[in-house]
Amino acid sequence: MCARLHHTDLTTPPTTVFICITYVTSLSSSFKGMASLYVSPHPDDFRSLLALIAAEFCPSPPRALTDEPPASLALHSCPSLVLGDGGSEVLSGASAVGWYLASQGKRTGLDTKQQSQVWQWLSFADNELTPVACAVVFPLLGVLGVDKKLQQSSHAEMIRILKVLDKNLEPKTFLVGESLTLADIAMTTAALLPFKYALEASDREALTNVTRWFLTCVNQPQFVKVLGQISLCEKMVPVISKPGAAPVPPPAVASKTSPTADAADEKPKTEAQLKKEAKNREKLEKFQKKKEMEEKKKQEKKLAPPTEKKAKPEKKELGTISYDVPTPPGEKKDVLRPLPDSYSPQYVEAAWYPWWEKQGYFKPEHGVRRLFGGSFFMMCIPPPNVTGSLHLGHALTNAIQDCLTRWHRMRGETTLWNPGCDHAGIATQVVVEKKLMRERGMSRHDLGRDQFIQEVWKWKNEKGDRIYHQLKKLGSSLDWDRACFTMDPKLSYAVQEAFIRLHEDGVIYRSKRLVNWSCTLNSAISDIEVRAVQCGVWSPDLSAVADEEVIVATTRIETMLGDTAVAVHPADPRYQHLKGKMVVHPFCDRKMPVVFDDFVDVSFGTGAVKITPAHDQNDYEVGNRHNLAFINIMDENGLLINGMKRFEARKAVLQALKDLGQFKEIKDNPMVVPVCSRSKDIVEPLLKPQWYVDCADMGKQAADAVREGRLKIIPDHHLKTWFNWMDNIRDWCISRQLWWGHRIPAYFVTVNDPSDMDGHYWVSGRTEDEAKEKAAKRFNISTDKITLRQDEDVLDTWFSSGIFPFSIFGWPNETQDLSVFYPGTLLETGHDILFFWVARMVMMGLKLTGQLPFKEVYLHAVVRDAHGRKMSKSLGNVIDPLDVITGISLEGLYAQLNDSNLDPVEVEKAKQGQKSDYPSGIPECGTDALRFALCAYTSQGRDINLDVNRILGYRHFCNKLWNAVKFAMRSLGDSFVPSEKEGVSDRWVLSRLCAAVGLCNAGFQAYDFPAITTAIYNFWLYELCDVYLECVKPVFSRAEEDSVSQSQAAVCRQTLYTCLETGLRLLAPIMPFVGEELYQRLPRRQSQDASASIHVTSYPETAEFCWHSEEVDRQMDFVMTVVRTIRSLRADYNLTKTRADCYLQCIDSETVTLVEQYSLQIQTLSLSQTVQPVPATGAVPEGCAVAIASDRCTVNLMLKVGGAAFIRASVSFCSYLLWIQC
């Protein structure tokens, strides 16, 4: 088939090409012929919807039909898929059809394990969710009569099943793997009826993860095409259809019998089909009459005199509680008032940070820690740009760094995390220049250098503190008294000294070389500021003639004015006869050699390329290798020597070639165009005299430091990148043609002495007088004969960042801070700046101080969005962490886009992305939940696909902590005094606490943050809250019955206190605010009275907790297996509110003893009336449901209620199958 493709050059009008594409397909990869998918026309038939959505993921979707299938398919259930025109291959049933269609779109899992998981969820949807969903929704739709008691029990069972789903979705965006699969399609369609008709807002609040996942799925384009826009249930009330209304097919389905269908496709119907249609019409008429009667009764009820109803109390909105106690900044928060009813980030995060600062907790000098001797931990922050605003990538960096800092501080080490901010030369100058032009219509040249720099400082003082505000909101425990700005006098002096020392040693030198030049900024720029843009550009062919014609290809035709050679590959047989020959330039008599070089691609164009050494990086290297002439045809503004603009010259040169008859043809050629990330201008390679750093020796030292183990890079798979860069390092261009930055302390020397023939040199100096003294000494003349002019350029921002680890402590002066805190302990940052910053710090540290700046480098992953895309403003996925902390509406996100500098087309594209990802905006999650989520996501060595909505799940985790502490405070009582030594009666929970302590410490030492968060989350949620708190409730309830009960309750209180107090200390480095808030409410042990804050208490150590018992853990694993089996039986027989007797038949006496020992725990956790162990030979009463818990125990549950609700739910599903046929 022919496809018309449009491509656009960045500087020339678009061209149009035609490409022939042949599609070869087979049944194994697509459908053989046109397949037909027969589905129900009813909009709520989730079986058909499953198949239709799966079909949308196919490369070649089948034809969807809603009319009566052929007679040959009468025995097949709907939906049915007919493969091929002959109809010999038929698949029927939602699962089979869905699986086949999804497999075509590669949505059934990446491997065997994932495919098994997908099939498991298909089974769960069919057997668990669908029956109970029908039992709840059908009475609302009028399919079944309303039985309120049955409907209530069914609704409770549906919520229970959805909570199972909710728990599975806690750490995941989709059910299987990292992308949407058939499992998500099946479960979403099964949950469609409940979300549309039965799950009210309060239900959805309790199912946060399910709701987030459901909305994510139904907003995917494939779902929207089939389902349209889904309206969620506001209130669970009966749904009345309009009389006479017929079912409407889903949006994606086109009925073959519709008026727009081809009449030629109509086939005469058989007698059996006509009878079936008549029967269906009869059913439909009865159904509609029933609806009319219900509507009539409803109208009569409305006309009846109203009866007085008891007013319901207003539902209190939780989660938006604020701290309103007047507390001066720096004073301690009022913790004597009772805790609010629920966790609220606004309440919890208020007032703590200023108090921490005032108390000096973030300073290394705090408390008894000494500045000499003992353990130290020092880390400097990667200085963010003063112009910037933190995004979630920065939030990840600071969450990790703060967790490590707080952990080391709690371990009793002298700890310093040093803040700072980078002056961001190009970025800041561009921002201020735009501001000047916008507000005053002036350029920097209109003001002059000195006044412009004053304007930059004014802007920095007014606007440059936003990042510090964001860091404080994130809870970053930085020593703010040591905050540094790279343009501060202390750091500026260090930059000047570093340049002079390196220049005097010959490491810094001046040379005329090819650089990345931005014509808009009129400056050289670094590689990190060059963005590669893939585009299709036109490729003219031209000829150069000497004794014969040589055709060469180029993508930069305007630069041919600077050509000085033609290059071919040494092994190319087509050009062997041209060795030693010259070619003549088409526009002048310039003779150019034919050079043979390995860099030429034989397959590109004609295999011959023109060489322009002064305007292309590859050509520059070829020119050096072959001693070619370097002809510069372009100035720093992008104008050719005749004043013509570079892209206008492209058209003029092309026309001149045509006029000379030297033009051959244009071919399409995809290439990468370098674009300046700041100005969006195309970068030009230009020959410019610049200052360079000789990196050869320094690069070798940096590589050797890692090879010898003196510097450790974590994770180690980055070593390959490190050695590749260091072993092949190029010299570093450090001069920039800007005004904002560190002005280069080098002076151009002119000697006013006629006897000196070559009087132009460069010297460096701390002052002009020092530079004159150096020049006078070099030329052996007096200073009065010397004239100096300081270089107008400034240093690359990365130069000042490269000495940041020691310049912040006053280097080159021998200060106390420098002797104590340098070298540092750790450098933590993203792997994307391993070379641009980390390598340069290592090289500069070794060269200028003789020491490595740090011992370890930990590189975290790069944050991407939930779909794996890089964060980009044009995609609408760059999120301010403060928006996650405080919440923001979708309209608020739109407003931010409208205020940005994006193109209107990009704004609309970004809005669509935001609407898909955040249909209801971003809910308030709080700082602690954000930090916990970021650490939980962190995995060494891979990118992070961050779903902002998943962070909300960790806010609910905070609420769980909140409720656990509130319960404990009530249970402990006002007179509770913690003892110095805990009892060990509750050995299991103490064993699990001990295991959590070990996992957390091991995780911090190995930088394994997911292991830390998992250990904390599992202990608090699944072991302390779900098991232990439930087990102690009956103990506390009967605490006053007798002395034995009082003694048991006292032991449980001590154990509970130990778990809470230790658990809060475990999570404090990651969740500092909620950790402090709850810790302040607990009573103190005498030995901890001196610790006013949780952040200066000791972090739990493994040696302190020695209760771990593998035997107790095995026993409790058995108990929980039994409990889960009993719960499963209760759910199967719909015993949601009934406590039944439970008989546990044990295989041996040891198991009987174990059941007797834990009978109270089993009874409490399984909601059983009684729990009775039965020997293997003992008799079990009749009327029990049976399930095998393990090879040692069988559960027998007495059925007081014969599972009526479950049976009715199954009957409801069968009724549904009949209903949708109408």
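In the predicted model, the largest nonpolar core comprises 162 residues, of which F1009, I1016, W1020 and L1144 touch the most other members. Helix 34, spanning residues 1009-1037, supplies the largest share of this core, with 17 residues. A second, separate core contains 65 residues, including L129, A190, L199 and F223.

The surroundings of L1144 illustrate how the largest core is assembled from distant parts of the sequence. With neighbours within four places in sequence left aside, L1144 is in contact with V1122, I1126, V1155, I1162, V1171, Q1172, P1173, V1174, C1193, T1194 and V1195. Strand 32 covers residues 1141-1146, and 5 of its 6 residues are buried, so this strand is largely enclosed by the rest of the structure. Strand 32 pairs with two further strands. With strand 33 (residues 1170-1174), the pairing is parallel and extends over 5 bridges; within it, Q1145 has V1174 as its bridge partner. With strand 35 (residues 1193-1198), strand 32 runs antiparallel, and 5 bridges join the two; here C1142 is partnered by L1197. Strands of a sheet may pair in either sense, in both cases through backbone hydrogen bonds.

Helix 37 occupies residues 1110-1132. At 1.5 Å a residue, its 23 residues should span 33 Å, and the end C-alpha atoms are 33 Å apart, which agrees with the expected value. Just after this helix, N1134 adopts a positive phi of about 60°.

A polar residue in a buried setting is found in helix 35 (residues 1043-1067), where E1061 is located. E1061 has a relative accessibility of 1% and therefore counts as buried, the cut-off being under 20%. The side chain of E1061 is joined to that of R1065 by a polar contact of 2.9 Å. In an α-helix there are 3.6 residues a turn, so residues three or four places apart point the same way.

A separate open sheet is formed by 4 strands in the order 12-11-20-22, with antiparallel pairing. Its edges are strand 12 (523-524) and strand 22 (732-733), each of which pairs on one side only. Strand 20, made up of residues 684-693, is paired with strand 22 in the antiparallel sense over 2 bridges. In strand 22, W732 is the bridge partner of V693.

In contrast to the buried E1061, S231 is exposed, with a relative accessible area of 56%. S231 lies in the loop that connects helix 9 (221-227) and helix 10 (271-303). Residues up to four places away in sequence being excluded, S231 touches F195 and K196. The C-alpha atoms of S231 and K196 are 6.3 Å apart in space, although the two residues are separated by 35 residues in sequence.

At the level of the whole protein chain, the model contains 40 helices and 35 strands. Of the 1222 residues, 53% count as buried. The accessible surface comes to about 55,700 Å², and carbon and sulfur atoms account for 52% of this area. Among contacts between residues at least 6 apart in sequence, 77% join residues at least 24 apart.

Conventions: Residues numbered from 1 in each chain as written. Predicted model: local features only at pLDDT ≥ 70, side-chain atom pairs only at ≥ 80, totals over all residues. Heavy atoms only, no water. Pairing = 2+ DSSP bridges. Expected span 1.5 Å × (residues − 1). Buried < 20%, exposed > 50% of the residue type's maximum accessible area, 1.4 Å probe, protein only. Polar contact = N/O pair within 3.5 Å; in protein donor to acceptor, adjacent residues only side chain to side chain. Contact = heavy atoms within 4.5 Å. Areas by Shrake-Rupley, 256 points an atom, 1.4 Å probe, with all protein chains shown as cover. Core = buried A, V, L, I, M, F, W, Y, C linked by side-chain atoms within 4.5 Å.
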